[in-house]
Amino acid sequence: VRCSFQHLGTTCKSKCKHRCCHPKYQFMCIFCKIAAGEIPSTKVYEDETVFAFRDIAPQAPTHILVIPKAHIGSVAEVTPANSAVVAHIFEVIPMIAQTEGLSEGYRVVSNCGAHAGQTVHHLHFHILGGKQLAMEMA
Ligand code: AMP
Ligand code: ZN
């Protein structure tokens with residue numbers, strides 16, 4: 001797997017800290033590739049650890065996905081070792097909501113596993129808003 005810094009994963013010099021040079025990250029899922037800019041997306045926010053982009057099949061006038069850049073499979077894989085980025089995501093979400101003009105409110109959803117219908121196995125939080133949302137959650 002070639003990382004976006006054009007290093008071959010296992011041959012990277014130790015100075016390279018890019019995550020996909022680490023053997024653990026040599027598999028990049030579709031959202032890893034979106035966060036790395038290797039698959040195009042409509043970006044709405046980016047910082048060192050978090051990436052947000054518009055859902056390709058929006059279910060509300062505003063439908064944004066917020067993801068950690070580092071691969072976490074789902075809520076079920078959040079641990080004390082990686083939870084800081086989740087806290088940061090919940091700082092970023094209200095910033096995005098304000099930028100998007102969601103002053104009337106919005107819903108944050110994370111599908112985890114088969115019963116929830118998770119289709120992309122990289123942790124993501126849906127921000128849904130811009131209309132009165134369905135009252136039923138399940
Ligand atoms: P979930 O069903 O909770 O796993 O959500 C996955 C979401 O990712 C769905 O709402 C899809 O529409 C969305 N999605 C899948 N591929 C892309 C993509 N390439 N760009 C933007 N959104 C995507
Ligand atoms: Zn991933």
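Which element gives the largest share of the shell around ligand 1? In this predicted model, that element is helix 1, with 3 residues.

**The shell around ligand 1**

Ligand 1 is surrounded by 16 residues. The closest of these are Asp55, Asn111, Thr119, His124 and His126. By residue class, the shell consists of 8 nonpolar, 6 polar and 2 charged residues. The space that ligand 1 takes is the largest pocket. Two elements give two or more residues each to this shell, namely helix 1 (30-35) and strand 2 (50-54).

**Polar contacts of ligand 1**

Oxygen atoms of ligand 1 lie at the following distances from polar atoms of the protein.

| Residue | Protein atom | Ligand 1 atom | Distance |
|---|---|---|---|
| His126 | polar side-chain atom | oxygen | 2.9 Å |
| Val120 | polar backbone atom | oxygen | 3.1 Å |
| Gly117 | polar backbone atom | oxygen | 3.4 Å |

These three pairs count as polar contacts because each distance falls within 3.5 Å. For His126 the contact is made through the side chain, and this residue is also listed among the closest to ligand 1. For Val120 the backbone provides the polar atom, and for Gly117 the backbone does so as well. Taken alone, ligand 1 exposes 500 Å², of which the protein buries 83%.

**Aromatic pairs**

The two elements named above, helix 1 and strand 2, are also linked by an aromatic pair. A pair of aromatic rings is described by the distance of the centres and the angle of the planes. The model holds 3 aromatic pairs. One of them joins Phe31 and Phe53, with 5.3 Å centre to centre and 80° between the planes. This pair counts as edge-to-face because its angle is over 60 degrees. Phe31 belongs to helix 1 and Phe53 to strand 2. The two residues stand 22 residues apart, and the pair thus links distant parts of the chain.

Terms used. Residues are numbered from 1 along each chain as its sequence is written. Chains are lettered from A and ligands numbered from 1 in the order in which they are written. This is a predicted model: local features need pLDDT of at least 70, side-chain atom pairs count only at pLDDT 80 or more; totals for chains, interfaces and linings use all residues. Side-chain values use heavy atoms; hydrogens and water are left out. A residue is near a molecule or strand if one of its heavy atoms lies within 4 Å of it. A polar contact is a pair of N or O atoms within 3.5 Å; within protein, one must be able to donate a hydrogen and the other to accept it, and residues adjacent in sequence count only if both atoms are side-chain atoms. Accessible areas come from the Shrake-Rupley method with a 1.4 Å probe; for residues, only the protein chains shown count as cover. On a 1 Å grid over the protein atoms alone, a cavity is a set of points where a 1.4 Å probe fits but cannot get out, and a pocket is an open set with protein on both sides within 12 Å along at least five of seven lines; lining residues have an atom within 4 Å of a point. A molecule sits in a cavity or pocket if more than half of its atoms lie within 2 Å of its grid points. Helices (H or I, at least four residues) and strands (E, at least two) are DSSP runs, numbered from the N terminus. Ala, Val, Leu, Ile, Met, Phe, Trp, Tyr, Cys and Pro count as nonpolar, Asp, Glu, Lys and Arg as charged, and the others, Gly among them, as polar. Rings of Phe, Tyr and Trp (its six-membered ring) pair if their centres lie within 6.5 Å; planes under 30 degrees apart count as stacked, over 60 as edge-to-face and the rest as tilted.
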